Structures are given as C-alpha cells and as structure tokens.
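Here is a guided walk through a protein fold, written for someone who would like to know what to look for on the screen. Please keep the viewer open as you read.

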Amino acid sequence: MASTVVIFLVLLSEFVVVFGGNFYQDVDITWGGGRGKIIGKGDVLTLSLDKASGSGFQSKSEYLYGKIDMQIKLVPGNSAGTVTTYYLSSQGATHDEIDFEFLGNLSGDPYVMHTNVFTQGKGNREQQFYLWFDPTKNFHTYSILWNPQHIIFFVDGIPIRDFKNEEARGVPFPNNQPMRMYSSLWDAEDWATRGGLVKTDWSKAPFVATYQNFNADACPSGATTTCSSLRKDWYRQELDSVGQKKLQWVQKNYMIYNYCTDYKRFTQGVPPECRN
C-alpha cells in the first residue's frame, strides 16, 4: 500500500496544471538591470543571476488571504550558492511573510526547499524538505493557501506544511496586513549550500530560473468581507483525512529540518504552536 501511495504522488507531481495568467498584467520586474525578462505574450518570465547582480519581481496587487500558485523550473546543473525565492510579504519592521526558498546545490545533489512563516516581524519557524522529483527538469506548482485559520504550503497540490491559527495560545497569525507576492534569484554563497562551505561557481553563470502560470485567487486588499461572502473554497479550506495522510507522507520521508523538534536551539522549550 505504501509503495502505491508513493507512485501515485510521484505521478501527480509530474502532472502540469495550466492556470493561465499574464505576467505583463500581473507583476512588475523590480530589480536586476534587465536580468528579469517577460517573454512572448506574457506567459513566461525568467530571472537570471550573474556575478554582478540577481533579479526579482513582485505582484502588482496586494492580497489579504488567498490561494497563490506559481509554476517554477529551478536553476539546473550546479546551482550551489544560489537561492530562488517565492513568497508573500507585507512591509515594515512588524511585517508578515510566508516563504518558499529553494537553496541550490552541486550537480546531482538535491535542492533544499526552505519554508518559514513570519508574524509581526518574527520568524524562526523554519521547516526544510528535499523534493521527491528533480525541480529543474520540468515546471512544478508551488502554492500558498492563506485563510483566517490556516497557512498551507503545497507542492503540485500535495500539502507539505500546515501552519494553523493558534492566536488562542498567544501565537500571532497573519490576518491584518495585506501582502504582495515576491520572487527573486540571488547569490547567497555565504550560507545557502552546506552552510556556505560550497561557493557559487561563476563559470556556470548566468543562472536562470523560469516561471509560468502565476495565479492569485485572492482577496484584494480591503475586500475580505466581500471575499468571505463569495464562499470561495479556499477561504474555509483545511486538510481532510486524505490531505493529512499526504502531509504525513511528505514530512516522514522528505522533511530534513523542523524547528519544532530543535530542542538544542530552543533550550527553554519549543514555541507554543509546536506543543500538542
């Protein structure tokens, strides 16, 4: 039975869902001196990194809750030292943020997928994973579902993390700061690969990440009341029993770091959201 589940999830990960979306209409390239490019009619965007600079873009709109999807093909080959980011964030010292970061590695070694949640300017909620496929060969869909009770991270529709609203236990939850979608490709050779031991090989530059099918089924800033009344599925979505089993499968087989079990780091006790 376990092998059947693995085969099903791997096949599901190779299935590409077409959302549409137009980068000319939906995003602004914000830095990189021409290293970020929208291609064709707006259906593909590329970010590149060389020794002089990386590049990045952001959504034109801000959102307060939503289901955000992006298909990404990560930097192939020797990507050590590079970081490809895809995240939601507000601004300011007490900002909220929901992160995907992809830490590059030597050819043949797996990417590390790093996730984090910041609330009121405080993060330190890292969970890291290997992926069960090569994220450089095909496009894969990385999704953030953000509603008043849950922040759920998905890869190809498979849940990998569920950060629940635990305000009743004194844990802040992102619920009043609109966020934009941001993405970037930049050099972090001081820490990204094996803690900085493996440096960026600039002879392989430019490094390129490719994007398509950005979709934001989300509440525009200031419209959450309207959004709630529309009864959008994601607004009240939580993981059912099937989703819970998929989540457990990923976390059992592919999670490589969980702040909730880092007792050496949290010598006075793990954060309250980690306690059963």
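**A walk through the model**

At 24% relative accessibility, Asp201 counts as partly exposed, because buried means under 20% relative accessible area, exposed over 50%, and partly exposed in between (1.4 Å probe, protein chains only). What you are looking at is a predicted model, in which local features need pLDDT of at least 70 and side-chain atom pairs count only at pLDDT 80 or more, while totals for chains, interfaces and linings use all residues. Residues are numbered from 1 along each chain as its sequence is written, and side-chain values use heavy atoms, with hydrogens and water left out.

Let's stay with Asp201 for a moment. Its side chain meets that of Lys204 in a salt bridge, at 3.0 Å from N to O; the term stands for a side-chain nitrogen of Lys or Arg within 4 Å of a carboxyl oxygen of Asp or Glu. Lys204 is partly exposed too, with a relative accessible area of 45%. How many salt bridges does a search of the whole structure find? The search finds 8.

Another of these pairs joins Arg35 to Asp50, whose closest N and O atoms are 3.0 Å apart. Arg35 lies in the loop between strand S1 (27-31) and strand S2 (36-39), and Asp50 in the loop between strand S3 (44-49) and strand S4 (55-59), so the salt bridge ties together parts that are 15 residues apart in sequence. Strands here are DSSP runs (E, at least two residues), numbered from the N terminus. Asp50 is partly exposed, at 23% relative accessibility. Asp69 and Lys67 also form a salt bridge, 3.0 Å from N to O, and here both Asp69 and Lys67 are buried.

Now for the sheets. In one open sheet, 8 antiparallel strands follow the order S1-S4-S13-S6-S7-S8-S9-S15. S1 and S15 stand at the edges with a single partner strand each, so one side of each has no neighbour in the sheet. On average, neighbouring strands of this sheet are turned by 15 degrees against each other, direction ignored; the axes are lines fitted to C-alpha atoms, and angles run from 0 to 180 degrees between N-to-C directions. Strands count as paired if DSSP finds at least two bridges between them. Within this sheet, S6 (residues 82-89) and S7 (residues 97-103) are joined in the antiparallel sense over 7 bridges, and Val83 has Leu103 in S7 as its bridge partner.

A further open sheet holds 7 strands, again antiparallel, in the order S2-S3-S14-S5-S10-S11-S12. Which strands stand at its edges? They are S2 and S12 (158-164), each with a single partner strand. S2 and S3 run antiparallel and share 4 bridges; one bridge partner to look for is Leu47 in S3, which pairs with Gly36.

Next, turn to the interior. The largest nonpolar core has 63 residues, and Phe100, Tyr142 and Trp146 touch the most other members. Such a core is a set of buried Ala, Val, Leu, Ile, Met, Phe, Trp, Tyr and Cys residues joined through side-chain atoms within 4.5 Å. Leaving aside residues up to four places away in sequence, Trp146 touches residues including Tyr63, Leu88, Phe173 and Trp234, where contact means heavy atoms within 4.5 Å.

Finally, find Pro272, in the segment after strand S15 (255-258). Pro272 touches Arg169 and Val171, again not counting residues up to four places away in sequence.
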